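Here is a short briefing on one protein model. Keep the structure open while you read.

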Amino acid sequence: MPFAVDQALIGEHPAIVKLRALIERVASAEVTVLITGESGTGKEVVAQAIHMLSSRNDQPFVPVNCAAIPHDLLESEMFGHERGAFTGAAGSRHGLLTTANRGTIFLDEIGEMPRGLQAKLLRVLEDGAVRPVGADRATRVDVRVIAASNVNLSDAVAKGAFREDLFYRLQVVPIVIAPLRERRSDIPLLANHFLDRIRDRAPGREIAISREAMVALWSYDWPGNVRELENMVERLVILCEGSIIDTSMLPENLVASTRPATPPVKVKLSDGGVNLNNLVRELEGRLINDALKQTGGNKQAAARMLGLKRTTFSAKLRRCGVIAPPSLDNSDEG
């Protein structure tokens, strides 16, 4: 069955639509990719999508969390080792780079890799040479490298914690994943998607999220992003004794959370001037988000709150990249 990127990356917000289009373009190019985004935004999902849409999709996809493996073991895990290379090395072992030969290796939290290993990784990227610990010569592999980080690697380069040459070699194509709070119109789609998956695992149990509870989910900023939302939906289903998840079941911090009031835009004119159109669009987007939040996603009520006609309001929604969740907009009344 052909891989469908729109089923792996759920959403209709312009940010996710552009992301899917970029993945499809990048997948066919044999280049390294650096994915950045906050924890829980789906960096591994993006890496898997690139692999599945590439010509390597029938070969291994090997994920490696560089932060989860102790530094003194990471070299052996990635590059392998020869028998007797260190205490406990009773036999030779292939590393994960060799395991991923002809396929894709996904290096998550690449910023945690020690500088010594960064030099060895750079050589793999430049000429495909993998030298196991204790070996006197390197072997060659054909592997595509996709790396990811939830921290700014440019800052790590400036501090000397990450090699500049490796940084530029990794980000031949940079991909930035927007946090969920910047595409909150996708929250109802994602919540219902997770509900559907749970229903598939437990047929016969029909559970829905009430409109008020969905408004609360939509209003929350989700610091843990999509992963946090998925965990929350699963938790709510487990705790739900009936068929409707309502606000009484939501954690207090989620129900009580409110986005801060839109602060005044402070602009200081300089010799270079300012881009007035961008400033106006930014302020409009923030006000539209606040209005939609206060009206529970009701576009007509939000338009009235801002003194706009419905058609004008809808046009500004599209221009600012803000989309009112369809499931929260069941009525155009008051």
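What volume does the largest pocket have? The answer is about 540 Å³. Bear in mind that this model is predicted. The briefing starts with that pocket, then turns to the sheet, the aromatic pairs and two single residues.

**The largest pocket**

- The lining of the largest pocket counts 25 residues. Closest to the pocket centre are Gly40, Gly42, Val45, Val226 and Glu230.
- Several elements each give at least two residues to this lining: helix 1 (5-8), helix 3 (43-52), strand 5, helix 9 (187-201) and helix 11 (225-239).
- Helix 9 provides the largest share, with 4 residues.
- The lining is mixed by class: 9 residues are nonpolar, 8 are polar and 8 are charged.

**The sheet**

- Five strands make up an open sheet with parallel pairing, and their order is 2-5-8-1-9.
- Strand 2 (61-65) and strand 9 (173-176) are the edge strands, and each of them pairs on one side only.
- On average, neighbouring strands in this sheet are turned by 20° against each other, with direction ignored.
- At one edge, strand 2 runs parallel to strand 5 (residues 104-108), and 5 bridges join the two. Here Val62 stands opposite Ile105 of strand 5.
- At the other edge, strand 9 runs parallel to strand 1 (residues 33-36), with 4 bridges between them. Ile35 faces this partner strand, standing opposite Ile175 in strand 9.

**Side chains along strand 9**

- Which residues of strand 9 point to the face where side chains are buried? They are Val173 and Ile175.
- Pro174 and Val176 point to the other face and are not buried. The side chains of strand 9 therefore alternate along its length.

**Aromatic pairs**

- The model has 3 aromatic pairs.
- One of them joins Phe61 and Phe106. This pair is stacked, at 6.3 Å centre to centre and with 15° between the planes.
- Why does the pair tie together parts that are 45 residues apart in sequence? Phe61 belongs to strand 2 and Phe106 to strand 5, so the contact links those two parts.
- Phe106 has 0% relative accessibility, so this residue counts as buried.
- Tyr220 and Trp222 form another aromatic pair, which is edge-to-face. Their rings are 4.7 Å apart centre to centre, with 80° between the planes. Both residues are buried.

**Two residues to look up**

- Ser149 sits in strand 8 (residues 144-149). Its relative accessibility is 1%, so Ser149 counts as buried; the cut-off for buried is under 20%.
- Ser149 and Thr36 are 113 residues apart along the chain, but their C-alpha atoms are separated by 5.1 Å.
- Is Glu164 in helix 8 (residues 164-170) buried or partly exposed? Its relative accessibility is 45%, so Glu164 counts as partly exposed.
- The C-alpha atoms of Glu164 and Leu153 are separated by 9.2 Å, and these residues are 11 apart along the chain.

Key:
Residues numbered from 1 in each chain as written. Predicted model: local features only at pLDDT ≥ 70, side-chain atom pairs only at ≥ 80, totals over all residues. Heavy atoms only, no water. Pairing = 2+ DSSP bridges. Axes fitted to C-alpha atoms, helices over the stretch in contact; angles between N-to-C directions. 1 Å grid on protein atoms, 1.4 Å probe; cavity = no way out; pocket = protein on both sides within 12 Å on 5 of 7 lines; lining within 4 Å. Points joined across faces, edges and corners; volume = space filled by probe spheres on them. Nonpolar A, V, L, I, M, F, W, Y, C, P; charged D, E, K, R; others polar. Phe/Tyr/Trp six-rings, centres within 6.5 Å; stacked < 30°, edge-to-face > 60°. Buried < 20%, exposed > 50% of the residue type's maximum accessible area, 1.4 Å probe, protein only.
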